Amino acid sequence: MFRCLICCKEFKTKCGLEKHNTIVQKYNKPRSDLDLLPHTTTNEYKQILIYWIQKHLPKYYKKSGKQTFLLACTESQFFTIFAGYIHYYSSRTRIYRCIFQGSDGYQTISKLLNNNSWGQKNYEHQQQTFVLLGYNHEQEENPLLRALQKKNKKKP
């Protein structure tokens with residue numbers, strides 16, 4: 001079996017995986033009808049995106065788990081920010097999807113948004129919530145388990 005390292009979709013043949021990768025590459029080529037946006041407009045939208053991500057980070061543990069939110073944007077805005085990382089596109093619904101996983105995914109989004117703390121929010125009394133991206137079990141160890149192990153090693 002051959003597996004896409006981004007979406008973990010499995011293919012019976014190497015040719016099937018190569019076809020999948022070719023299709024994904026086409027999603028990341030700008031269409032001629034998309035407007036080019038000024039750099040300042042793109043940066044302003046990145047700041048709005050960071051604000052919305054941080055606004056939706058829950059304060060309490062009971063609200064943890066998968067969180068999703070929708071934020072309206074033009075196709076040009078989305079493509080300008082996420083070009084090169086689009087892994088799915090539906091021409092019928094005009095929906096794009098990007099997949100970011102693990103610590104590499106967090107770093108990639110940090111570079112795309114020009115902000116290393118896009119996924120964390122600080123509260124009073126030194127409380128903090130943060131985004132933890134899903135991880136691929138075969139490629140990377142569980143980041144929560146790793147953090148707990150480090151914490152337990154420090155205790156006498």
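**View A. Glu-75 and Arg-94 pair up through a salt bridge**. In this predicted model, the closest N and O atoms of the two residues sit 2.5 Å apart. The pair links distant parts of the chain, with Glu-75 in helix 3 and Arg-94 in the loop between strand 3 and strand 4 (95–98), 19 residues apart. Glu-75 counts as buried, because its relative accessibility is 16% and the cut-off for buried is under 20%.

**View B. Arg-31 also meets Glu-75 in a salt bridge**. Here the N to O distance between the side chains is 2.6 Å. Arg-31 comes from the loop between helix 1 (14–27) and helix 2, while Glu-75 belongs to helix 3, so this pair ties together parts that are 44 residues apart in sequence. Arg-31 itself counts as partly exposed, at 29% relative accessibility.

**View C. Zoom out a little and the pairs become a network**. Arg-31 has a salt bridge to Asp-33 as well, at 3.1 Å from N to O. Through shared partners, Arg-31, Asp-33, Glu-75 and Arg-94 are joined into one network. For the structure as a whole, the count comes to four salt bridges.

**View D. Here is the largest nonpolar core, with 20 residues**. Look for Ile-53, Phe-82, Ile-86, Tyr-96, Leu-113, Trp-118 and Val-131, the residues with the most contacts inside this core. Which elements give two or more residues to the core? They are helix 2 (39–55), helix 3 (75–82), strand 3 (86–90) and helix 4 (102–113). As a bit of background, nonpolar side chains tend to be buried together in soluble globular proteins.

**View E. Ile-86 and its contacts from elsewhere in the sequence**. Leave aside the neighbours within four places in sequence, and what does Ile-86 contact? Val-24, Tyr-27 and Asn-28 are among the partners, along with Phe-78 and Phe-79. Tyr-96, Arg-97 and Cys-98 complete the list for Ile-86. Of these partners, Tyr-96 is also one of the residues with the most contacts inside the core, as is Ile-86 itself. Cys-98 is partly exposed, with a relative accessible area of 22%.

**View F. Cys-8 and Cys-7, with no bond between the sulfurs**. How many disulfides does the structure hold? Zero. For Cys-8, the closest cysteine sulfur belongs to Cys-7, and at 6.8 Å that is too far for a bond; a disulfide would need the sulfur atoms within 2.5 Å. Cys-8 counts as partly exposed, at 27% relative accessibility.

Terms used. Residues are numbered from 1 along each chain as its sequence is written. This is a predicted model: local features need pLDDT of at least 70, side-chain atom pairs count only at pLDDT 80 or more; totals for chains, interfaces and linings use all residues. Side-chain values use heavy atoms; hydrogens and water are left out. A nonpolar core is a set of buried Ala, Val, Leu, Ile, Met, Phe, Trp, Tyr and Cys residues joined through side-chain atoms within 4.5 Å. Buried means under 20% relative accessible area, exposed over 50%, partly exposed in between (1.4 Å probe, protein chains only). Helices (H or I, at least four residues) and strands (E, at least two) are DSSP runs, numbered from the N terminus. Contact means heavy atoms within 4.5 Å.
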